[in-house]
Every structure is written in C-alpha cells, then in structure tokens.
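Colleague: Please give me a close look at the enclosed space in this model, one cavity at a time. Where a lining residue leads on to the backbone or to the ligand, follow it there.

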Amino acid sequence: MRDRLNRLKLWACFLLLVTGIASAATPDGSAHVRYDAANRVFRLDAADITYAFGVNDRQELQTHYWGGRLQESDTLPAAKAGVGVASFEAPDNSTLQEFAGWGEGMYTEPAIKMTFPDGNRDLVLHYVSHTIRNDGFVVTLKDISREVFVELHYSLDAATGVLGRSAVIVNRTKAPLTIEQAAAASWNLPPGNDYRLRYLSGRWAAEWTLNEQKVAPGKTVLESRRGSTGHQNNPWFAIERGESRDEETGEVWFGALAWSGSWSISVEQDQLRQVRVTGGFNPFDFAYRLAPGEKLTTPVFYGGYSHDGVGGASRLLHRFEVSRILPLAPYPRPRPVVYNSWEATEFKVNEPGQEALAEKAASIGVERFVMDDGWFGQRKDDHAGLGDWYVNKDKFPNGLKPLIDKVHALGMDFGLWVEPEMVNPDSDLYRKHPDWVLNFAGRPRTELRNQLVLNLARSDVRDYVLGFLDDILKQNDIAFLKWDYNRNWAEPGWDAAATEDQKKVYVAYVENLYSILRELRARHPKVEIESCSGGGGRVDLGIMHFTDEIWTSDNTDPFDRLSMQDGFTYAYTPGIMMAWVTDSPNWVNKRTTSLEYRFLSSMQGSLGVGANLTTWTPEDFAVAKEMIADYKQVRETVQHGELYRLISPQGGSEYSVTESVSEDKRQAIVFAFLHSSQKGYPFPNVKLRGLDAERQYKLRPMRDAKASGAPQVASGAYWMSHGLDVVLRGDFQAAGFVLEDASR
Ligand code: DGJ
C-alpha cells in the first residue's frame, strides 16, 4: 500500500513538472484525480463520471462540471464567475460556488454562516491552497480578512464514481466565533429548467414513501429537527433531468447525507434558474461556538451521477454502501435468517416462553434467535425499566445463560434488544441521575412512550452507556444487538454546558453515539448491530457505518411493505433491509394474507420471522421450512446483487415486480405481486433486465408459481426480450421465480 502511494506521489511530481498538471490515479487508471495549474481546475474522474471545479477570477471555488465521464484529452477552461443581472443582485448570487460563505450580498442558500464577537457576520471565502490525495483533494479556503479557514475534503470511489464531500471549519482568530449554519457541501447541477426531484417521506409505521415533484423556482427543504434522522424525511435525494420513460433511462444526480442527528437538505432553484442542493447540520436552533484553535467537522455528503436513470442511481448507491460504508465493507456477511419475539410476546418474555419459541424457530431453519424488549429491570410494559440494564430475575431466574445455551444448542446464535439512549422516569437510573436527560432547567420534561432521552453529549452518560453495553457483551455470548430508539427529542437542553455551548448538543450527542458504536465494535468485533428507531426512524449513511442492518418499519403488513421496501431501495441496499414474516391478519390493518405471500414479500430483503410460532399449524411449519431453504439459495443475490424495480408498487399500483441479478449474472430472482385482479385482466408481461443475453438460464418457479408458456431453459436475450408471463389471479397473490445458469 505504502509503495503504491509513493509511486503515485512520484508520478504526480513528474506530471506537474512537465505539464503543469498534478495528478494521482489508481494503478488500473479507472480513477483519476488531477489539478490543472494553468487553468486552476480540479478534476476527478472515476467509473462513468467526471466532477470538476475551479478557482474563478474572483478567487471563489466554482463548480465546473458534474456528469458523464469526459475524455482524458478534454481540457476544462478556467472557471469564470457569473455577473449579476441587475443592481438587485450582488455578483456572488450568480456563481455556483462549491462552498459559499454568507457574505457580500448573498440571497441564495449559503454553505456556512457565522457571527464574530464584534458583531461582524460577513464571511467571504477565497481559495488559498490544496493538496492532492490518491482518492481526492483537500482544498483550503479562507475568509478575505479574518483567520477563518475551511478545508473542503473530496474523496472519490473508483468503482462507482460516488464522491464524498465534507468540510472542516477552523478558527485561527484570537476570539471565539459562533457557527450558525454549516453544510457539508453544495451540489450544483448543470443549467436546466426541467429537473424532477425524488425524495422519501413517512412517519412511524408508514416510512419510505417515494415522492416526485418538479424542481420549481424556490426551495424545497428536506429535514429533521428531531435530534435524530427521523421517519418524516430521509437524508437522500435524486434529481432527474426531464421525464424519462422508465427507471433505467435518463440522467440522474443523487446524494445521501451521512448524519444521524438533525439535518437538512435544501433543493433550490434560484432567480437565474440555477439548481443547488445544500446539505449538512440543520441550521434550525443551531449554534456551535468555536474557540480559538478549535475545529468543527461536518458530516459527509455523498453524491453520484448515473446515466441509467434512477434505477442505475440506486444500484450505484447499493454497491457503494456494500463496498464502502457498511462496517464489514467490502465483504459484509450475508444476513442470517432471524427470529424475533416482539410481535409474539411483546413485553411478556420469560425463559420457558422464549425457549419454546426458539425450538420452533430452529425447526424451520432460523439461524439467529433475537429476544426483544422486556427482559431487563422492572420492565412489564413501556412505563418502567429503561436505564436499568440488569436481567429481570422474575422472568429469568438464572440470568440469560440458560436461554442462550439452549439457543446455541439448537444451532442458532443469540441476539438481544437494547434501547441504550433512553430512560423511564420510573427507573433506578433516573431516580439516581435525573440530571442526565435532555432538559431545560425548571421546565417540564415531555415524556413520549413514557421515556426521556439521555443526554449522550455528556461524557458521564456516554461512559455509562458504553460501560453497561460492554458488560452485557462480556458477560453473555451474544452475536447481535438490536439497538432501538423510540422517541424524538423535546426540550433539547444541556444544562451542564456553558450557556453559549448548549446548542453543541446537536453535534456532540451524535458524535458520542458514533464513538460508543465504534468502541463497542472494536471491543467485540464479532457482534453485529441493527439500527432500529421504532422501525426506520434512524437510517442514514452515518449510522450504517456502524450497523450491519436496519429495522425497516414496525409495519409488517406484507402488502404495505411492498411499497415501503420499494421506497427504501431507492436509497439503501436491500441487504440491510430486515423484513419479518408475521401473523395474519396483520396487527396494523387486519389484512389477511397467505403465508406464501408473506414470505415472498419478506424475501425481497433480509428475511426474518416474527410470528407467534406457538399458534402455527404443521402445514405452516412445512411451508416456512421450504421457503426459508429457498431463500438461503438466493439470499446472496437478493442481498448483494443488482436490483431492478420492474413494476413499481408506488401510488397504489395493482401489480409490482422486482428482479435481483447476481454479480456474476448466473442467477436472478423475480418476485411478482398482485394486489387484486380487476375484470380478469392478465398480469402484465414482465421483461427481465441485467441478464447475460447469451447465457442459457433455467427457470425454477418457487412452490406453485406459474408462468404461462414459459420454456424451461432459454437465453438471457429471451427472458429480457420475450419476458415472463406470470399467472396470478385473485387478491394478494404472489409468485417467485429463480433463473439459474443452465450449465451449472
Ligand atoms: C420498536 C421496535 O421497532 C419494535 O420492533 C420493538 O423492538 C419495540 N420497539 C420494542 O419496544
């Protein structure tokens, strides 16, 4: 590795001497980073993209180009600042800056805004210097007169062309200053007035709704003011040029913010119809006092480009997450088939009950048994116990060991539910440390689900949380933690901090959360973690760096799940999307569905079972055993393959179909769902995608799935051009098909 770096450095020096171009490249030439000193242009090339920005004639850093990959021989001219169109526009409004300070006369969204102790609020950032790294740049900007520096970090993923951008703000003045707004980056799109924005919204038990709207003059703000990522919006966007025919065509720019606290992404079309997307810490109620010599590092805002539509964009993101973000990247372990006791028992967990469920779960091929809420403190319901992380002796007289041993003897590993950041007022912890929660002194403390939020920004709280989790993992043979988080913030005060530092809680809380997760993983490298927040309330690329999987939603209705899972996969890889088969009628809406339908819906992600197995019939066990065995044959493809959303379930569609293709294109899985037959029309013909046209594939229907007139073996070209005529009639029907390389 060091050798490679040295070679890169030598190569960079040589080029700089000969051409005025300093550059670094991966040995195979697939990614390239270079600075053209003559034109002062920074350029990054990887996969199918080129990203370029330059220092303009006003010394600002200006976006030059973001789109399809240019030829090596293409030279980008020096950047030229825009000129204001009238006396009503200061010039800094007409230039698409990479990272604009709020100063001069700026009316568009700045990346950063601050107040100095003398009342000055003018910040004008000019280029000072840069360094070239083998995967990107660090470019330093400085205010025109004050010693305030901003280092912009750019890193490029060679395989996907996904860029990571973040900023480090450094105070080298002699007095503290207050940052009131700090984005990670602004992403500027090429001029155009025909953009369409897609984003995700939701609420508890209704996450992952895909929304689409025209980018119109004005601003759309996606955000969370909740202290954590939130169910309401997710920090992801995709913007498409024009209206394309389908998911697989058209130019798409997309981004995802790696931050699990309050965040904002604003999509703005300004008075010159320029479109910029600015994202980072949410400026609402934000203030970060930076003492002399101190730094503030923003989260990373990732961005990418695809010319294969929003389908291509999500596949790039999936690949990037699997190879760069997940804790075990680039080789995350396949998700085991899980059993979770929550819907079966709720808080009524005890040793014999859990052991009985474990025996049944093992009999159908489950690989991990997870005991959910209710095992600790005085936890009978959600009124008490959070904070008291000792085993409840009434429920488990001999501790957790007998249950864990039993689970192991049945051939499964053991997982445990925790909610480390919360406390019930009815707990020993709160009685001892009422000052440990987020609160404003002398004001009411709003309880939600009868609980308060521990202020993780405090170092004593951080140490306590890390300590008890470490103890649980040291004392028990546990393979997995389901890390839950069941409310959002209210009264976000940090009364132990100095008045001017109280709002640092928005940053310090999340940094400490990440540091606990990082430390736990280092101390217990075999333990896997799920991020759960009453379902999918904390899903982002920040938490994903420390957690192996996500609880998608508390809504486990298999039909509702189709559109939720569809929405999820626009931003996140299906490999981390946990999906349980639960009881029917479902608790959310009393909808009745067959066990096969429930399994096929859950097989679109990482399969789990959350039903009350004590009420199952022998037939149910037989179906489950067969379907779990089938899932194990295809899970690598479902979890880490290329996903094609062939027919969308969004907007109440009657049909939906997904296809996953393995990396080597030797296997593909198709899941087809019918909501309800209307007037006896046949299911639409389904043309597959992403196969090898010349390879012969054998069609294997799962259980009693049927495709009319389908040959047993045909070429990839046949399946992609002729397609599959799935036979489905009735209400809530589903079919699964596996295509396997026929030569195997
Ligand atoms: C919310 C989670 O999303 C559920 O799966 C379950 O773990 C409950 N919390 C337990 O309180």
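Modeller: Helices here are DSSP runs of H or I with at least four residues, strands are runs of E with at least two, and both are numbered from the N terminus. The model is a predicted one.

Rolling a probe the size of a water molecule over the atoms shows where empty space is left. In this model the count is 12 cavities of 30 Å³ or more. The largest cavity has a volume of about 80 Å³. Its lining consists of Gln-565, Asp-566, Thr-569, Pro-574, Met-577, Gln-604, Val-638, Leu-643, Thr-658, Ser-660 and Phe-671. Two elements give two or more residues to that lining, namely helix 9 (558-571) and strand 33 (655-661). Helix 9 supplies the largest share, with 3 residues. By class, the lining of the largest cavity divides into 5 nonpolar, 5 polar and 1 charged. Asp counts as charged, so Asp-566 falls in that last class.

The second largest cavity holds about 70 Å³ of space. Around the second largest cavity are Arg-58, Glu-60, Asp-92, Gln-97, Ala-100, Gly-101, Glu-104, Met-106, Leu-123, Val-124 and Leu-125. That lining has 5 nonpolar, 2 polar and 4 charged residues. Because Gly is counted as polar, Gly-101 and Gln-97 are the polar residues of this lining.

Glu-104 is the lining residue to follow onto the backbone. Its phi is near 50 degrees, a positive value in a residue other than glycine. Glu-104 sits in the loop between strand 5 (61-68) and strand 6 (112-115). Glu-104 has a relative accessible area of 42%, so it counts as partly exposed, a label that runs from 20% to 50%.

Arg-449 also has a positive phi, about 50 degrees, without being a glycine. Most residues other than glycine have a negative phi, and most peptide bonds are trans. Arg-449 belongs to the loop between helix 6 (428-432) and strand 26 (452-453). At 27% relative accessibility, Arg-449 is likewise partly exposed, and the ligand is not part of that reckoning because only protein chains enter it.

The ligand comes next, since a polar side-chain atom of Arg-449 lies 3.0 Å from one of its oxygen atoms. Two further side chains place an N or O atom by a ligand oxygen: Asp-372 at 2.7 Å and Trp-417 at 3.1 Å. The protein covers 98% of the 290 Å² of accessible area that the ligand has on its own. In total, 13 residues surround the ligand, and the closest are Asp-372, Asp-373, Lys-482, Asp-484 and Asp-554. The shell divides into 4 nonpolar, 3 polar and 6 charged residues.

Two cis peptide bonds complete the backbone notes. One runs from Ala-329 to Pro-330, with omega near 5 degrees, and Pro-330 lies in the loop between helix 2 (309-325) and strand 22 (338-340). Another joins Ser-584 and Pro-585, where omega is about -5 degrees. Pro-585 is placed in the loop between strand 30 (577-581) and helix 10 (595-602). Met-577, at the start of the range given for strand 30, is one of the residues that line the largest cavity.

Conventions
Residues numbered from 1 in each chain as written. Heavy atoms only, no water. Near = heavy atom within 4 Å. Polar contact = N/O pair within 3.5 Å; in protein donor to acceptor, adjacent residues only side chain to side chain. Areas by Shrake-Rupley, 256 points an atom, 1.4 Å probe, with all protein chains shown as cover. 1 Å grid on protein atoms, 1.4 Å probe; cavity = no way out; pocket = protein on both sides within 12 Å on 5 of 7 lines; lining within 4 Å. Points joined across faces, edges and corners; volume = space filled by probe spheres on them. Buried < 20%, exposed > 50% of the residue type's maximum accessible area, 1.4 Å probe, protein only.
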